[in-house]
Amino acid sequence: MPEGHTLHRLALDHDRLFAGSTVRVSSPQGRFAPEAERLDGREFLGADAWGKHLWHRYAGGAIVHVHLGLYGAFTGFDLLDGAPPAPVGQVRMRIVGPRGGTDLRGPTACRLVTEDEVDAVLARLGPDPLQPGSDPEEARRRIERSRRPIGALLMDQKVMAGVGNVYRAEVLFRAGIDPHREGRSLGPAEFDGIWADLVALMPIGVERGRMHVVRAEHDLGAPSYAPDRPRTYVYRRTGEPCRVCGAPVRTEVMEARNLYWCPVCQT
């Protein structure tokens with residue numbers, strides 16, 4: 001599932017491509033057709049994100065809420081002689097502006113919503129490390145009262161919005177924190193360190209379009225867990241030697257998601 005930096009980068013990309021322009025909106029697949037007809041020909045005002053949620057805002061107060069889920073993705077395209085290419089596959093929503101377009105396929109959610117519905121979604125989400133001025137205190141309170149493991153709490157979007165499996169694994173490794181520790185066992189300095197690390201790391205993902213989590217002194221050219229993927233400390237490196245201590249990286253399932261950690265470095 002895309003993590004928060006992906007949605008924030010999409011918001012920036014869609015702003016650059018469409019904001020201030022009258023756009024054509026369609027649903028080649030048909031599942032978003034009535035809504036697309038209402039949006040077609042309106043001005044695209046802008047896009048913004050919170051955690052793993054993306055909003056497109058149009059003139060007249062129309063708002064599209066997108067959650068990519070496990071399989072959703074936007075694919076950009078250029079215009080050829082002013083015309084978009086023929087859609088390929090199950091395109092839920094197509095947006096075409098004067099400088100290009102994008103196709104949305106396979107999202108969990110793609111729907112027209114009101115401002116009140118946006119507020120209701122935001123009310124259910126924790127602070128977002130990518131939002132300037134986002135207050136981490138509510139996340140701190142939830143964690144310090146919880147018996148759940150910190151490895152599960154960081155994945156709970158009600159606790160902290162935008163953190164997914166990769167950032168969860170990597171910031172806990174960088175902090176030297178065992179993901180099995182109860183949230184309430186973390187001290188203030190440990191929470192502050194996790195939050196500060198996310199605030200530092202996630203904007204790099206927005207800027208570069210990919211995560212960068214390995215410190216320079218440990219980034220010695222060892223291969224990534226998959227082609228065209230960033231190098232990680234523990235994520236998807238089961239059984240491989242830890243980049244710091246050499247112990248085999250371990251994995252297990254925690255609350256239905258794969259968890260990765262070093263049993264030596266994370267105590």
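## A walk through helices 6 and 7 and the cores

In helix 6 (165–175), the buried residues are Asn165, Val166, Tyr167, Arg168, Ala169, Glu170, Val171, Leu172, Phe173 and Arg174. Here, buried means under 20% relative accessible area, exposed means over 50%, and partly exposed lies in between (1.4 Å probe, protein chains only). Helices (H or I, at least four residues) and strands (E, at least two) are DSSP runs, numbered from the N terminus. This is a predicted model, in which local features need pLDDT of at least 70 and side-chain atom pairs count only at pLDDT 80 or more, while totals for chains, interfaces and linings use all residues. Residues are numbered from 1 along each chain as its sequence is written, and side-chain values use heavy atoms, with hydrogens and water left out.

**Helix 6 and its surroundings**

Why is helix 6 described as largely enclosed by the rest of the structure? Ten of its eleven residues are buried, so helix 6 is largely enclosed. The cover over these buried residues includes helix 1, helix 5, helix 7, strand 10 (250–254) and strand 11 (257–261). Just after helix 6 comes Gly176, with a positive phi near 70°.

One of the neighbours, helix 5, holds Ala152. Ala152 has a relative accessible area of 4%, so it counts as buried. Leaving aside residues up to four places away in sequence, Ala152 touches Arg168, Met254 and Glu255; contact means heavy atoms within 4.5 Å. Ala152 and Gly183 are 31 residues apart in sequence, and their C-alpha atoms are 9.1 Å apart in space.

**The nonpolar cores**

In soluble globular proteins, nonpolar side chains tend to be buried together. A nonpolar core is a set of buried Ala, Val, Leu, Ile, Met, Phe, Trp, Tyr and Cys residues joined through side-chain atoms within 4.5 Å. The largest one here has 36 residues, and those with the most contacts inside it are Ile150, Leu154, Met160, Tyr167, Ile194, Leu198 and Val234. Two or more residues come from each of helix 4 (137–144), helix 5 (150–153), helix 6 (165–175) and helix 7 (188–208). Which helix gives the most to this core? Helix 7 does, with seven residues.

Val234 is worth a look of its own. Not counting residues up to four places away in sequence, Val234 touches Ala169, Glu170, Phe173, Val249, Tyr260, Trp261, Cys262 and Gln266. There is also a second, separate core of 25 residues, and among its members are Leu7, Ala11, Val25 and Ala47.

**Helix 7 and its partners**

Helix 7 has 21 residues and spans 31 Å from its first C-alpha to its last, close to the 30 Å expected at 1.5 Å a residue. The expected span is 1.5 Å times one less than the number of residues. Its buried residues are Phe191, Ile194, Trp195, Asp197, Leu198, Leu201, Met202, Gly205 and Val206. An α-helix has 3.6 residues a turn, so residues three or four places apart point the same way. The buried residues of helix 7 pack against helix 1 (4–18), helix 4 and helix 6.

The axes of helix 1 and helix 7 come within 8 Å and cross at roughly 45°, which makes helix 1 oblique to helix 7. For such crossings, axes are lines fitted to C-alpha atoms, for helices over the stretch in contact, and angles run from 0 to 180 degrees between N-to-C directions. Angles under 35 degrees count as roughly parallel, over 145 as roughly antiparallel, 65 to 115 as roughly perpendicular and the rest as oblique. Where the two helices meet, Gly4, His5, His8, Arg9 and Leu12 in helix 1 touch Met202, Gly205, Val206, Glu207 and Arg208 in helix 7.

With helix 4, the axis of helix 7 comes within 11 Å and crosses at roughly 130°, which makes helix 4 oblique to helix 7. Here Ala139, Arg140 and Ile143 in helix 4 meet Pro188, Phe191 and Asp192 in helix 7. After helix 7 comes Gly209, whose phi is positive, near 80°.

**Loop residues with a positive phi**

Most residues other than glycine have a negative phi, and most peptide bonds are trans. The table shows two residues other than glycine with a positive value.

| Residue | Loop | Phi | Relative accessibility |
|---|---|---|---|
| Asp81 | between strand 6 and strand 7 | near 55° | 80%, exposed |
| Glu255 | between strand 10 and strand 11 | near 50° | 49%, partly exposed |
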